[in-house]
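Reader: I'd like a close look at one part of this model, the place where two helices pack against each other, and then a walk outwards from there. Could you take me through it residue by residue?

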Amino acid sequence: MKEDRFYMPVRVFSGREVVRSHAKDLAKLGKKALIVTGRHSAKACGVYDDICAALDECRIAHALFDGVEENPSAATVMKARDFGLQEKADFVIGAGGGSPMDAAKAIALMIRHASEGRDYLYSAGADSSAVPVVCIPTTCGTGSEVTAVSVLTNEVKHTKGSIPHKIFPDLALIDGKYLAGASDQILCNTAFDAFAHLFESWLNADATPVSRLIAEDGIREWKKCLPVLKKEKQPDPDDYDTLMRAAMLGGMAIAHTGTSLPHALSYALTYHLHVPHGKAVCYFLAGYLNEADQKEVSRILELSGFASVEEFHQTYRLCCHDLGIGEDQLLPVIEQGCREVSSNPARCAKAPFACSEELVCRIAGFAGKQEGN
Ligand SMILES: [Fe+2]
């Protein structure tokens with residue numbers, strides 16, 4: 001029998017005004033916080049004000065680095081690390097979507113290893129200890145608040161991918177109210193990312209009975225929000241909480257299994273053609289489902305409210321829209337992605353079926369055929 005593992009060391013608090021009500025938990029982590037955000041949304045959705053109020057209440061100093069771009073680069077991480085050291089920050093709070101939270105983990109690593117340079121981010125097997133990290137999500141996809149993953153853009157190698165260090169946040173504070181200002185597109189692109197996490201975790205060679213329980217619960221939560229994503233219903237505060245919960249459960253599921261081929265294939269679309277992450281991942285998800293055990297696929301599709309793979313894919317296109325990229329641009333990027341993924345044994349090992357270049361191309365080709373209809 002295969003060994004079963006479960007490890008989820010993040011203290012998670014979910015609920016309304018959870019940032020303010022856990023001010024004392026923030027204060028326990030250090031004397032000065034480096035707050036890491038994107039350029040605008042953390043201020044617009046109110047999370048930045050809530051963090052400042054909580055820290056001020058406990059007389060904890062703070063400094064803001066609001067220069068995290070989408071798909072953050074190693075260069076940005078190093079810039080933020082240097083700023084954090086200059087400010088004498090001894091813990092990091094990442095607030096926003098996946099980009100600020102992933103960057104916060106890498107920044108916390110590099111603050112702890114202050115004498116190391118950029119290459120340390122990519123040194124497998126090196127000490128992964130970091131100063132404490134808090135993650136506060138304001139979108140409903142990544143689940144980064146409960147994973148040890150930090151995905152960065154490697155601007156030297158022209159790729160995007162996880163760094164080898166595993167850094168779980170110490171604390172995750174989850175409040176659905178931060179979703180209220182998100183655009184329909186951000187809501188859909190990130191919710192479909194969560195959907196992919198749940199499915200890629202369930203249909204994964206490393207899935208365990210416990211990771212599948214978590215994924216199934218997330219799929220049930222996700223289903224409740226389908227009318228909102230399809231714009232058949234106006235979202236209310238409960239819907240935002242449910243979307244956040246589905247994303248968190250997706251994060252917990254992939255914290256155990258990792259993602260699979262759709263995520264691996266998506267990185268080229270995002271890096272070269274700037275397709276938003278969740279939209280890029282789900283572009284490949286239907287093809288992945290077609291290759292998996294159809295009995296298992298039907299079971300989890302039913303849980304998510306879809307009668308067939310085709311129905312899922314049409315709903316994804318309805319919510320996230322077609323890529324709108326000409327074949328002359330799209331095909332070379334997809335072909336390159338297929339070659340890279342199929343020649344990477346670690347990537348292929350996540351699929352619960354035998355993986356070949358032909359099969360990866362079939363997965364990638366399915367969406368193209370649908371889009372061409
Ligand atoms: Fe993802």
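Author: On the α5 side, the residues that meet α6 are Val77, Met78, Ala80, Arg81, Gly84 and Leu85. Facing them from α6 are Ala103, Ala106, Ile107, Met110 and Ile111. Bear in mind as we go that this is a predicted model.

Now the geometry of that pair. Two packed helices are described by the angle between their axes and the distance between the axes. Here α5 runs over residues 74-86 and α6 over residues 98-112, and their axes come within 9 Å and cross at roughly 55 degrees. That angle makes α5 oblique to α6. As for handedness, the crossing in which α5 passes α6 is right-handed.

Stay with α6 for a moment, since Pro100 sits in that helix. Is Pro100 buried or exposed? Its relative accessible area is 6%, so Pro100 counts as buried, the cut-off being under 20%. If you skip the neighbours within four places in sequence, Pro100 is in contact with Val36, Thr37, Gly38, Val68, Gly94 and Ala95. Pro100 and Cys135 are 35 residues apart along the chain, and their C-alpha atoms are 8.7 Å apart in space.

Next, what leads into α5 and what follows α6. Asn71 lies in the loop between β3 (61-65) and α5. Most residues other than glycine have a negative phi. Asn71 is not a glycine, yet its phi is positive, at about 55 degrees. With a relative accessible area of 23%, Asn71 is partly exposed.

On the other side, Ser128 belongs to the loop between α6 and β5 (133-137). Ser128 is partly exposed too, with a relative accessible area of 25%. Leaving out residues up to four places away in sequence, Ser128 touches Leu109, His165, Lys166 and Ile167. If you want a long span to look along, try Ser128 and Glu327: they are 199 residues apart in sequence, and the C-alpha to C-alpha distance is 42 Å.

His165 turns up in another pair as well. Asp4 and His165 are 161 residues apart in sequence and 22 Å apart in space, again C-alpha to C-alpha. You'll find Asp4 in the segment before β1 (11-14), and Asp4 is partly exposed, with a relative accessible area of 35%. Beyond its neighbours within four places in sequence, Asp4 is in contact with Thr208, Pro209 and Val210.

Let's set a second helix pair beside the one we began with. α7 and α13 (residues 294-304) pack at an angle of about 150 degrees, and their axes are 11 Å apart. That makes α7 roughly antiparallel to α13. The crossing of α7 and α13 is right-handed. From α7 the contact uses Phe195, Phe199 and Trp202, while α13 brings Glu296, Arg299, Ile300, Leu301 and Ser304.

Glu216 links up with that pair. Glu216 is in helix α8 (residues 209-224), and apart from its neighbours within four places in sequence, Glu216 is in contact with Trp202, Arg299 and Leu303. You might wonder whether this residue is buried or exposed. Glu216 is buried, with a relative accessible area of 10%.

And α7 takes us to the metal. Which protein atoms are donors of the iron ion? They are OD of Asp193 and NE2 of His197, His263 and His277, lying 2.1 to 2.2 Å from the iron ion. Along the chain, these donors follow the spacing D-x3-H-x65-H-x13-H. His197 lies in helix α7 (residues 184-202) and His263 in helix α11 (residues 261-273), so this pair ties together parts that are 66 residues apart in sequence. His197 and His263 are both buried. The arrangement of the four donor atoms is irregular, because the angles they subtend around the iron ion run from 83 to 172 degrees.

One last stop: His274, in the loop between α11 and α12 (277-291). His274 is not a glycine either, and its phi is positive, at about 60 degrees. With a relative accessible area of 64%, His274 is exposed, whereas His263 is buried.

Terms used
Residues numbered from 1 in each chain as written. Predicted model: local features only at pLDDT ≥ 70, side-chain atom pairs only at ≥ 80, totals over all residues. Heavy atoms only, no water. Donors = N, O, S within 2.8 Å, 3.2 Å for Na, K, Ca; no water. Tetrahedral: all angles 85-135°; square planar, octahedral: opposite > 155°, others 65-115°. Helix = DSSP H or I, 4+ residues; strand = E, 2+ residues; numbered from the N terminus. Buried < 20%, exposed > 50% of the residue type's maximum accessible area, 1.4 Å probe, protein only. Axes fitted to C-alpha atoms, helices over the stretch in contact; angles between N-to-C directions. Parallel < 35°, antiparallel > 145°, perpendicular 65-115°, else oblique. Left-handed = near helix turned anticlockwise from the far one by under 90°. Contact = heavy atoms within 4.5 Å.
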